[in-house]
Amino acid sequence: MPELPEVETIVADLRPHLAGRTIVRCELAFPTIVRHPEPEEFVDSIAGMRIQAVDRRGKYILIRLSAHATPSPPSATTPTPRGGVDLVVHLGMTGQLRLFDPVTPLEKHTHAVFTLDDGRQLRYRDPRRFGRLLLGTEDGLLTAKKMPRLGPEPIDPDFAAEELYRRLKRRRAPLKAVLLDQGAVAGVGNIYADESLYRARLRPSRIASTVSKQSARRLHQAMRESLQLAIVNRGSSVDTYRDAWGEVGGQQEKLLVYGRAGEPCFTCGRPLSSMRIAGRTTVFCRHCQR
């Protein structure tokens with residue numbers, strides 16, 4: 001599943017090309033990919049909306065929308081705006097959001113096509129269909145329980161090591177499980193949880209509440225380093241992830257533990273071990289991670 005660095009890469013790719021554009025129309029080949037509102041309302045509402053910005057929150061792509069200003073009728077004192085909503089894209093396991101010229105043939109499993117006012121098309125493709133599209137205000141989507149309440153962004157300068165420590169102290173779950181909990185920290189998934197814990201020399205199965213302030217500071221720094229390095233290298237293409245231009249990332253060549261069970265640890269040379277935590281395969285070094 002694309003995690004924070006992969007989603008951040010896609011957002012950075014799309015932002016300069018989408019900001020200021022207008023969505024002329026939306027066509028859905030697989031309507032149930034839209035989880036809110038009803039697909040018919042989604043298509044009708046989004047047509048004519050102007051893209052103000054492209055942002056990221058955790059693993060979610062947020063395309064900020066507003067309506068074009070329209071002249072007020074003579075009898076009206078103020079216009080009634082139609083905008084102020086977000087087009088939210090969650091890529092699930094195999095989702096891809098890419099920009100195309102209209103002459104490019106549609107790939108199989110392309111479920112949504114947004115035609116822009118410059119003729120280009122923003123296409124959402126998802127072979128396994130675990131992703132989703134949402135349209136609404138942040139408060140509305142939270143109230144409707146279509147989006148979860150997310151924890152702090154681990155690469156946000158305002159997210160301090162002390163805050164991570166406080167969040168860990170409240171949890172009796174394994175460290176890996178807490179990092180995967182999007183309500184605890186937003187955007188970290190299986191890849192970068194393993195990478196961060198290895199860099200911090202902390203065993204994934206260790207109970208979170210037992211972590212000291214010093215260890216929490218190491219984990220805080222390790223998460224930042226793991227995520228920021230992956231952003232620089234445009235994400236990890238360990239499966240189906242592609243950027244907004246269909247290119248693979250480069251971080252998969254630099255992963256320290258993820259996907260390397262049985263291979264030698266880069267620090268001590270012993271074979272890396274694996275276990276299941278929170279339903280996910282977890283790779284770690286029994287010697288280096290305590």
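**Salt bridges**

I take a salt bridge to be a side-chain nitrogen of Lys or Arg within 4 Å of a carboxyl oxygen of Asp or Glu. The model I am reading is a predicted one, and with that criterion my search of the whole structure returned 18 salt bridges.

I looked at arginine 21 and aspartate 118, which form a salt bridge whose closest N and O atoms are 3.9 Å apart. Arginine 21 sits in the loop between α1 (4-18) and β1 (23-28), while aspartate 118 sits in the loop between β7 (110-116) and β8 (121-125), so this pair ties together parts that are 97 residues apart in sequence. I noted both partners as partly exposed, arginine 21 at 25% relative accessibility and aspartate 118 with a relative accessible area of 34%.

Next I looked up arginine 64, which forms a salt bridge with aspartate 86, the closest N and O atoms being 2.7 Å apart. Arginine 64 belongs to strand β4 (residues 60-67) and aspartate 86 to strand β5 (residues 85-90), so the bridge ties together parts that are 22 residues apart in sequence. Is each partner buried or exposed, or in between? I found arginine 64 partly exposed, with a relative accessible area of 27%, whereas aspartate 86 is buried, at 9%.

I then turned to a pair inside a helix: glutamate 163 forms a salt bridge with arginine 167, again with a listed distance of 2.7 Å between the closest N and O atoms. Both residues lie in helix α4 (residues 161-169), four residues apart, which is about one turn of the helix. I also recorded one network, in which salt bridges that share partners join Glu8, Arg56, Arg57 and Glu153.

**Tyrosine 165**

While in helix α4 I looked up tyrosine 165, which is found there too. With a relative accessible area of 19%, tyrosine 165 is counted as buried, the cut-off for that class being under 20%. Leaving out residues up to four places away in sequence, I found that tyrosine 165 touches Val211, Ser212, Lys213 and Ala216. I also took the C-alpha separation of tyrosine 165 and serine 215, which is 8.7 Å for two residues 50 residues apart along the chain.

**Nonpolar cores and a surface patch**

I asked which residues have the most contacts inside the largest nonpolar core. That core has 33 residues, and the ones with the most contacts inside it are Phe42, Ile61, Leu65 and Phe114. The element that gives the most to this core is α1, with five residues. Following isoleucine 61 outward, and not counting residues up to four places away in sequence, I listed its contacts, among them Val7, Ile10 and Val11 as well as Leu87, Val88, Val89 and Leu97. Apart from the largest core lies another core, of 31 residues, including Ile155, Phe159, Ala222 and Leu227.

On the surface I found a nonpolar patch of about 280 Å², made by Met1, Met93 and Phe130. Phenylalanine 130 is in the loop between β8 and β9 (132-136) and, at 44% relative accessibility, counts as partly exposed.

**Strand β6**

I checked strand β6 (residues 96-100) and found five of its five residues buried, so the strand is largely enclosed by the rest of the structure. Both faces are covered, with Gln96, Arg98 and Phe100 on one side and Leu97 and Leu99 on the other. The strand β6 pairs with β8 in the antiparallel sense over five bridges, and I noted that arginine 98 stands opposite arginine 123 in β8.

**Helix α6**

In helix α6 (residues 190-200) 10 of the 11 residues are buried, so I recorded this helix as largely enclosed by the rest of the structure. The buried residues of α6 pack against α1, α5 (175-180), α7 and β11 (280-284). After the helix comes arginine 201, for which I noted a positive phi near 65°.

**Arginine 242**

My last entry is arginine 242, in the loop between α7 (213-232) and β10 (273-277). Arginine 242 is partly exposed, with a relative accessible area of 26%. Leaving aside neighbours within four places in sequence, I found arginine 242 in contact with Ile10, Gln96, Ser237, Glu247 and Val248. From arginine 242 to aspartate 194 the C-alpha to C-alpha distance is 21 Å, for residues 48 apart in sequence.

Key. Residues are numbered from 1 along each chain as its sequence is written. This is a predicted model: local features need pLDDT of at least 70, side-chain atom pairs count only at pLDDT 80 or more; totals for chains, interfaces and linings use all residues. Side-chain values use heavy atoms; hydrogens and water are left out. Helices (H or I, at least four residues) and strands (E, at least two) are DSSP runs, numbered from the N terminus. Buried means under 20% relative accessible area, exposed over 50%, partly exposed in between (1.4 Å probe, protein chains only). Contact means heavy atoms within 4.5 Å. Two strands pair if DSSP finds at least two bridges between them. Patches are made of residues with over 30% relative accessible area and no salt bridge: like charges are joined within 9 Å, nonpolar side chains (Val, Leu, Ile, Met, Phe, Trp, Tyr) within 5 Å. Accessible areas come from the Shrake-Rupley method with a 1.4 Å probe; for residues, only the protein chains shown count as cover. A nonpolar core is a set of buried Ala, Val, Leu, Ile, Met, Phe, Trp, Tyr and Cys residues joined through side-chain atoms within 4.5 Å.
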